[in-house]
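Work through the exercises below with the sequence and the model open side by side. Each task is followed by a solution in steps.

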Amino acid sequence: MNSLSSKILLGLALLLIVLQFFSPDTSVPEYDSSKDFLTIHQPSQEISAIIQSACYDCHSYKTSYPWYSNIEPISWWLQDHIDEGRDEFNLSMWADYPADRADHKLEEAIELVDAEEMPLPSYTWIHADARLSNQERQKLSSWFTSLREDLQQQAQ
């Protein structure tokens, strides 16, 4: 290996080592667990398990960080993804959503689950338990649809 290649590799290795000292903030803000989506709606065990495995890591404050979340710069990308997911749809803060927003979020969830856009393919590559079968997608979509109908009836 020539001298320039060795210096570049050494520089990259040193950069990766230094990056390990700069982790993103993974702390969870205080929140009221009684506002949680599953606490409020109390789905069947099966639906609850699907939602927890396919949605909660990115869309709640109940994120289960995997081992690779301690490696920089992967952790930055991962935390940014989680922050975006929570900003878009936070199941831990479900009770704070007005009825019209909750209805819209359920509508979006149905569309994304049916189109196989959620959970994200980049998430399911590593998290096999989050991969939804067609039957699980149908059950989840049907349950979300029934929730929407309930919300709409309550609004009348």
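**Exercise 1. The cavity**

Task: In this predicted model, state which helices each supply at least two residues of the lining of the largest cavity, then describe that cavity.

Solution.
- Step 1. The helices are H4 and H5, and each supplies at least two lining residues.
- Step 2. A search of the whole structure finds one cavity of 30 Å³ or more.
- Step 3. The space in the largest cavity is about 50 Å³.
- Step 4. Its lining consists of Asp57, Cys58, Thr63, Ser64, Pro66, Leu78, Ile82, Tyr123 and His127.
- Step 5. Sorted by class, the lining holds five nonpolar residues, three polar and one charged. Asp counts as charged, so Asp57 is the charged member.

**Exercise 2. Cis peptide bonds**

Task: Find which residues are joined to Pro73 and to Pro119 by a cis peptide bond, and place each proline.

Solution.
- Step 1. Begin with the general expectation: most peptide bonds are trans.
- Step 2. Glu72 and Pro73 are joined by a cis bond, with omega about 5°. Pro73 is in the loop that runs between helix H4 (56–59) and helix H5 (74–88).
- Step 3. Met118 and Pro119 are also joined by a cis bond, with omega about -10°. The loop holding Pro119 lies between helix H6 (99–114) and helix H7 (121–124).

**Exercise 3. Positive phi**

Task: For Gln42 and Glu116, give phi, then location. Is Gln42 buried or exposed?

Solution.
- Step 1. As background, most residues other than glycine have a negative phi.
- Step 2. Gln42 is not a glycine, yet its phi is positive, about 45°. Gln42 sits in the loop between helix H2 (37–41) and helix H3 (45–54).
- Step 3. The cut-off for exposed is over 50% relative accessible area. Gln42 counts as exposed because its relative accessibility is 63%.
- Step 4. Glu116, likewise not a glycine, has a positive phi near 60°. Glu116 belongs to the loop between H6 and H7.
- Step 5. Glu116 has 46% relative accessibility and therefore counts as partly exposed.

**Exercise 4. A contact across the sequence**

Task: Which residues does Gln20 touch, not counting residues up to four places away in sequence?

Solution.
- Step 1. Locate Gln20 in the loop between helix H1 (3–19) and H2.
- Step 2. Its relative accessibility is 33%, so Gln20 counts as partly exposed.
- Step 3. With residues up to four places away in sequence left out, Gln20 touches Asn70, Ile71 and Glu72.
- Step 4. Gln20 and Asn70 are 50 residues apart in sequence, and their C-alpha atoms are 8.1 Å apart in space.
- Step 5. Link this to Exercise 2: Glu72, touched by Gln20, is joined to Pro73 by a cis peptide bond.

Definitions and conventions: Residues numbered from 1 in each chain as written. Predicted model: local features only at pLDDT ≥ 70, side-chain atom pairs only at ≥ 80, totals over all residues. Heavy atoms only, no water. Helix = DSSP H or I, 4+ residues; strand = E, 2+ residues; numbered from the N terminus. Buried < 20%, exposed > 50% of the residue type's maximum accessible area, 1.4 Å probe, protein only. 1 Å grid on protein atoms, 1.4 Å probe; cavity = no way out; pocket = protein on both sides within 12 Å on 5 of 7 lines; lining within 4 Å. Points joined across faces, edges and corners; volume = space filled by probe spheres on them. Contact = heavy atoms within 4.5 Å.
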